[in-house]
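Here is a short set of questions and answers for a first look at a protein model. Each answer sets a computed value beside the rule that gives a word its meaning.

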Amino acid sequence: MELRKVELYMLRMSLSEPFETSFGSVKDRSVLLVRVEERGGEEGWGEVAAGEGPWYSYETQEIAVLVLEKYLISEVLRRKELSAREAYDAMSRVRGYKMAKAGLEMALWDLEARLTGKPLYKYLGGVRRRILSGVSIGIKKTVERLISIIGKRLDEGYSRIKIKIKPGWDVKVVERIRREFPDIPLQVDANAAYTLKDIHVLARLDEYNLLMIEQPLHYDDLADHAVLARKLRTPICLDESIKSLHDLKASYLLGSLEIVNLKPGRVGGYKPSLDIHDFCAKAGLGLWIGGMLESGVGKSHLVALATLPQVGYPNDISASSRYWERDIIEPPLELVDGCIEVREQPGIGVEIDEEALRKYLVWKKEVGG
Ligand code: OSB
Ligand code: MG
């Protein structure tokens with residue numbers, strides 16, 4: 001695959017409702033896209049999952065642009081016969097910056113799949129024609145407001161509800177949800193808001209038949225998660241803590257988790273995601289695909305990843321309309337019987353809605369070439 005150029009697009013989009021987690025609230029969201037083009041003119045698209053500030057991860061969009069421009073794009077451009085599968089290792093001289101790497105690497109996979117005429121999901125080894133779609137709901141002003149939003153999402157047909165929790169917004173909220181909706185598939189995500197001192201609060205969640213508790217403790221603390229896991233019946237799922245296969249192996253040996261929330265952006269792209277997938281399959285760990293409020297470009301990539309065989313829980317991949325009034329892909333992602341149907345067209349299977357792209361565009365630049 002010989003590349004002709006790499007372009008970065010910065011967009012400014014507006015979420016259809018604010019999203020609040022234990023680390024803050026977002027309403028307007030910048031979106032950073034990577035477009036790669038090969039000699040024959042075929043293109044591939046990727047999205048950098050980093051946020052504007054270093055809250056979920058140390059990575060930010062501004063720094064991702066810098067690292068891509070200064071270090072990563074040149075590593076890829078100077079290798080003439082680079083395949084998508086080799087791209088992650090080709091960037092290994094750069095430590096960290098997984099989200100910047102993933103934006104570029106995943107664009108290359110999209111391009112390579114398009115060149116072979118295959119849908120990306122098949123190219124990755126996926127086996128599903130539809131993926132289970134869950135919805136992640138932020139912290140709300142009141143519990144009653146949350147209850148009404150959950151009701152609306154259930155009416156829309158989502159396969160599972162995830163709510164964000166933090167100290168002071170946890171057991172009472174879950175108790176109220178269970179009173180209203182006793183049997184729905186429900187899970188909680190703390191985004192690292194607790195410590196082992198809160199073990200008694202977290203243990204009370206065991207009463208509510210949750211699918212899992214996601215990232216209750218510090219984003220780097222595998223040991224404390226192992227201690228907590230021994231005290232809880234509810235399975236622990238790790239998100240922030242798993243930045244690589246190395247982290248996953250250590251977590252597995254320690255007993256820190258039973259389930260992995262896999263976000264390709266967090267681990268550096270498809271190559272490391274496939275390695276993590278295969279490890280989960282061998283070790284018998286649960287697996288599902290998480291999200292970062294991506295645009296339709298990023299979400300279409302997540303759909304492809306969610307077709308892999310070990311993925312066994314609903315994913316944080318909701319319909320376009322759950323995030324945006326107007327998404328940037330054609331057609332937008334839609335919910336059908338609690339699922340999103342996987343597209344059979346080449347690559348990620350959707351086209352860029354050029355008019356929407358122009359509407360949201362803040363800047364665009366070509367790098368290298
Ligand atoms: O922790 O899973 C998370 C969004 C931004 C940053 C972190 C997380 C999330 C979500 C949203 O929960 C999932 C989605 O994209 O639907
Ligand atoms: Mg999470």
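Q: What makes residues count as donors to the magnesium ion (ligand 2), and which residues coordinate it?
A: In this predicted model, the magnesium ion (ligand 2) is coordinated by D189 (OD), E214 (OE) and D239 (OD), at 2.0 to 2.3 Å. Donors are N, O and S atoms within 2.8 Å of the metal, so these oxygen atoms qualify.

Q: How are the donors of the magnesium ion (ligand 2) spaced along the chain?
A: They follow the spacing D-x24-E-x24-D. The pair D189 and D239 links distant parts of the chain, 50 residues apart, with D189 in strand 7 (residues 186-189) and D239 in the loop between strand 9 (236-238) and helix 9 (245-254). Both D189 and D239 are buried.

Q: Why is G168 called exposed or buried?
A: G168 has a relative accessibility of 77%, and since exposed means over 50%, G168 is therefore called exposed. G168 lies in the loop between strand 6 (161-164) and helix 6 (171-180).

Q: What describes the packing of helix 8 (residues 222-231) and helix 9?
A: The two helices pack at an angle of about 35 degrees, with their axes 9 Å apart, and helix 8 passes helix 9 in a right-handed crossing.

Q: Which residues of helix 8 and helix 9 meet, and how do you know that they are in contact?
A: L222, A223, A226 and R230 in helix 8 meet D247, A250, S251 and L254 in helix 9, where contact means heavy atoms within 4.5 Å. By class, this contact has five nonpolar, one polar and two charged residues.

Conventions
Residues are numbered from 1 along each chain as its sequence is written. Chains are lettered from A and ligands numbered from 1 in the order in which they are written. This is a predicted model: local features need pLDDT of at least 70, side-chain atom pairs count only at pLDDT 80 or more; totals for chains, interfaces and linings use all residues. Side-chain values use heavy atoms; hydrogens and water are left out. Donors are N, O and S atoms within 2.8 Å of the metal (3.2 Å for Na, K and Ca); water is not among the atoms, so sites may look incomplete. Helices (H or I, at least four residues) and strands (E, at least two) are DSSP runs, numbered from the N terminus. Buried means under 20% relative accessible area, exposed over 50%, partly exposed in between (1.4 Å probe, protein chains only). Axes are lines fitted to C-alpha atoms, for helices over the stretch in contact, and angles run from 0 to 180 degrees between N-to-C directions. A crossing is left-handed if the near helix is turned anticlockwise from the far one by less than a right angle, and right-handed if clockwise. Ala, Val, Leu, Ile, Met, Phe, Trp, Tyr, Cys and Pro count as nonpolar, Asp, Glu, Lys and Arg as charged, and the others, Gly among them, as polar.
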